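Colleague: I am new to this structure and would be grateful for guidance on reading its features.

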Amino acid sequence: MSIGKRFALLVLGVAVAALVLTGAGAPEPEVVERDTLTIAIGAEPESLDPVNMTSAPAATVGEHAVERLIYMEEDGSLTPMLATSWDSNEEGTEWTFQLREGVQFHDGEPFNAEAVKANLDRFLDPDVGAVYAFLLGSVQEVEVTGEYEVRLHLEEPFAPILSHLSHSFIGMISPVQLEEYYLDDAGEPIGTGPYEVVSWDRGDRVQMRVNENYWGNIPEIPNLNFTFISEDSARVVALETGEADAIMAVPPTDAIRLDDDPNIDVTYQTSVRTIYVGFNVNHEPFDNKTVRQALNHAVDKEIIVEAIFEGNAFVADAPIVDAVFGHSSVGPYEYDPDRAREMLAEAGYPDGFDVTLYHPTGRYPQDSTVAEVVQDQLADVGVNLTLETMEWSSYLDFLYLPEDESDYRMYLLGWGTVTLDADYGLFALFHGDQGAPAGNNISYYRNSEVDDLLERARVNTNPDEREALYADAIELIWDDASWLFLYNEGQVNASRTYVEGLIHHPLENLSAWEAYFVD
Amino acid sequence: MGTVEQVETSEGIVVRSRRELWWERLRHWFRNSEWSQVARHLLRNRGALIGLVIIGTFVLAAVFAPYLATHNPLETSLTTRLMGPGSEHWLGSDELGRDLFSRMLYGGRISLNIGLISVLIGVAIGVPVGAVSGYYGGKLDIITQRFIDIMIAFPGILLAIVVVTVLGVGVQNVMIAVGIASVPIYARLVRGSVLSVKEQSYVKAARAAGISDFAIIFRHVLPNCLAPIIVQSTFQIATAILWAAGLSFLGLGAQAPMPEWGRILSQGRGYMRMAPHLTTFPGLAILLMVLGFNLLGDGLRDALDPKSRGR
């Protein structure tokens with residue numbers, strides 16, 4: 001055989017093999033037995049121990065395994081979870097909860113009043129230092145009044161107590177685990193949820209399997225994985241290749257493209273997060289209200305929403321989003337650079353000034369791009385910003401400093417009012433006594449009238465009166481402009497079309513316990 | 001006599017204009033001097049020539065950026081963001097609607113500046129340290145070299161990240177950081193050369209003649225170590241540009257709205273599927289510029305080595 005013939009045979013052989021291996025052009029649809037749902041999220045939980053959790057990603061993963069007494073539905077209504085009913089005395093200082101009977105933790109321990117007390121006591125223990133202990137702020141004592149009944153004794157009436165108890169971080173974990181890991185990072189939490197954590201490979205994924213003893217509807221999908229892909233575009237690719245079945249936080253530009261993909265469903269949902277640029281109100285030039293208002297007039301929020309977010313965000317009309325109880329619309333500040341220049345001149349800065357804007361990158365969708373837009377637009381009125389990016393955790397350390405040590409004038413940040421109650425969004429950020437580092441008032445804003453209104457609103461149990469108080473407070477807060485109010489985020493999630501029943505929650509959670517596969 | 005001179009040649013005394021004379025001297029120098037040989041050798045090396053052309057193009061583009069740019073590199077236009085390459089925006093527009101072509105031109109300035117200045121910093125510190133360490137030897141040498149060992153133990157980019165973390169982010173600090181990170185390379189290189197040069201008889205003669213150490217190092221030793229320093233610097237410019245782009249990519253270098261290539265690349269990677277031009281062009285530019293300096297460095301190394309010159 002000549003070399004030429006041999007070569008021809010070889011080519012033929014390879015071609016035949018290729019045809020056989022690829023199914024010769026008539027591919028049969030691959031039948032896959034799906035038993036695992038993989039959800040890719042942008043950030044890894046900092047912890048799954050309720051007392052150490054601080055972020056939305058932690059809440060999303062955690063709530064599949066660990067449940068709280070009360071659940072907040074997508075519409076903001078409160079429904080029973082581990083508590084079946086609740087009641088308070090007339091003054092609102094004693095709350096009694098009937099607990100669900102026959103519930104077991106993943107380790108077989110029974111769920112009862114003692115377990116609730118152990119968890120809440122731990123949350124309140126100053127030695128534990130739970131980041132979100134303020135959620136239970138005025139709770140003084142947790143009393144076991146029956147095997148399935150607990151009573152919370154409050155120092156003073158606390159109107160938002162129920163929505164605070166629905167917060168994902170007030171989770172119930174097995175009392176046995178509490179003893180073992182007390183004060184330690186619990187790692188894989190043992191809760192009562194529809195899924196139990198099998199393993200947590202740091203930096204990669206949390207693996208869960210269905211809890212066969214679950215008290216409610218047992219989920220259809222046996223295995224659930226949360227993988228962490230921080231790079232936006234990589235997360236989108238993971239969905240397109242099928243490596244992930246659902247992803248959270250789709251970048252706006254990719255959302256348009258995915259919308260055209262017949263194998264992918266894009267879900268748009270509102271969020272409870274407001275993004276803003278805070279001013280340090282005790283330092284020049286931001287100690288001048290006119291300057292702060294001028295800057296609010298100098299930024300075109302509309303174009304940020306339309307261009308950067310492709311319309312899937314909302315110009316902020318108050319310091320909290322409209323789904324929150326107590327919201328009232330007072331804004332937005334009209335975009336008017338001429339007026340901004342006039343106001344700056346009036347305040348004694350006819351030529352503007354230079355200032356540094358600190359901002360995170362990758363924490364909120366498009367955050368650094370938004371910072372650049374703000375820089376560009378403020379330059380138009382003579383305010384020259386130097387942008388400084390900081391890594392998220394060091395950024396928070398940098399911002400949460402006592403007032404006399406703080407070194408910043410402007411910072412970009414967001415706040416999600418996840419209890420859907422104005423107290424959480426206003427008291428923590430605008431009450432004069434909530435200054436950093438203990439509180440979240442990083443602008444060190446103080447207005448005694450606002451303080452008074454917020455204090456009265458949180459102890460008042462009459463919803464109508466509360467709403468009126470918050471309306472007054474919001475008006476003052478808006479006028480004082482300790483923030484440059486920007487926009488309310490929207491959420492964009494996406495999933496393969498064979499996944500149904502996912503809950504895209506406005507609280508930035510993606511829940512899978514009702515999910516199922518279709519062909 | 002004015003512009004003419006009488007010159008004695010083999011053909012007798014002729015009168016030549018001063019201009020002619022200059023040309024002749026220049027020709028003579030070009031044919032016979034050490035540097036002219038290097039230059040000629042370099043131009044015969046195809047790789048080096050390509051490198052020179054690439055670098056020349058980038059330098060010209062950087063120098064004339066204000067004239068070549070079609071737009072203000074900082075001017076945003078949110079309504080025309082993420083446009084592909086076309087007649088309005090030659091290389092497309094970025095996520096804020098800024099013109100990529102104009103940004104790339106100005107970005108070239110930044111990259112070249114970083115490359116040159118950081119190398120100068122590295123040379124300015126590394127060469128004297130290496131020279132002194134090699135010339136004096138002894139305990140000073142041992143201590144210096146152990147310190148250099150520690151620095152070399154860190155990968156250069158890591159060292160640069162550490163320095164930037166200490167100094168704070170920004171282009172100036174990146175130059176300093178990359179400069180400092182290249183100090184050990186020069187110190188080690190120069191020390192080696194000095195060790196071999198200082199044994200030469202002309203150095204011994206200079207010492208015997210009572211010339212000061214300082215003068216010996218700078219007038220007699222270092223000029224003879226120049227070749228490896230030049231070659232290393234060419235490579236080091238490429239490395240510096242790459243490190244600086246890396247630091248900016250990580251958010252430690254150039255800050256918004258500076259059109260640094262690494263930063264453009266980093267910002268663009270979020271739009272890789274929708275607007276691939278935002279990552280392709282700056283990536284190519286970094287690649288080409290680094291390639292150019294590496295090709296030139298290769299050529300210089302051959303040209304400056306008398307042993308390889310004949311081949």
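Modeller: The following exchange treats a sheet and then several salt bridges, and the model is a predicted one.

Colleague: In what order do the four strands of the open sheet in chain A lie?

Modeller: The order is β4-β5-β7-β6 in chain A, with antiparallel pairing. Strands β4 (83-88) and β6 (139-146) of chain A each have a single partner strand, so one side of each lacks a neighbour in the sheet. On average, neighbouring strands are turned by 20° against each other, direction ignored.

Colleague: How many bridges join β5 to β7 of chain A?

Modeller: Five bridges join β5 (residues 94-99) to β7 (residues 149-154) of chain A. A:Gln98 is placed opposite A:Glu149 in β7(A). Helix α3 (residues 113-124) of chain A packs on this sheet and touches β5, β6 and β7 of chain A.

Colleague: How should I read a salt bridge, and are A:Glu63 and A:Arg68 buried or exposed?

Modeller: A salt bridge is recognised when a side-chain nitrogen of Lys or Arg is within 4 Å of a carboxyl oxygen of Asp or Glu. The side chains of A:Glu63 and A:Arg68 satisfy this at 3.2 Å, N to O, and both residues are buried.

Colleague: Which residue of chain B forms a salt bridge with A:Glu231?

Modeller: The partner is B:Arg269, with the closest N and O atoms 2.9 Å apart. This pair crosses between chains, from the loop between β10 (223-228) and α6 (232-241) of chain A to the loop between α12 (261-268) and α13 (277-304) of chain B. A:Glu231 is partly exposed, with a relative accessible area of 29%; for B:Arg269, also partly exposed, the value is 25%.

Key
Residues numbered from 1 in each chain as written. Chains lettered and ligands numbered in written order. Predicted model: local features only at pLDDT ≥ 70, side-chain atom pairs only at ≥ 80, totals over all residues. Heavy atoms only, no water. Pairing = 2+ DSSP bridges. Helix = DSSP H or I, 4+ residues; strand = E, 2+ residues; numbered from the N terminus. Axes fitted to C-alpha atoms, helices over the stretch in contact; angles between N-to-C directions. Contact = heavy atoms within 4.5 Å. Buried < 20%, exposed > 50% of the residue type's maximum accessible area, 1.4 Å probe, protein only.
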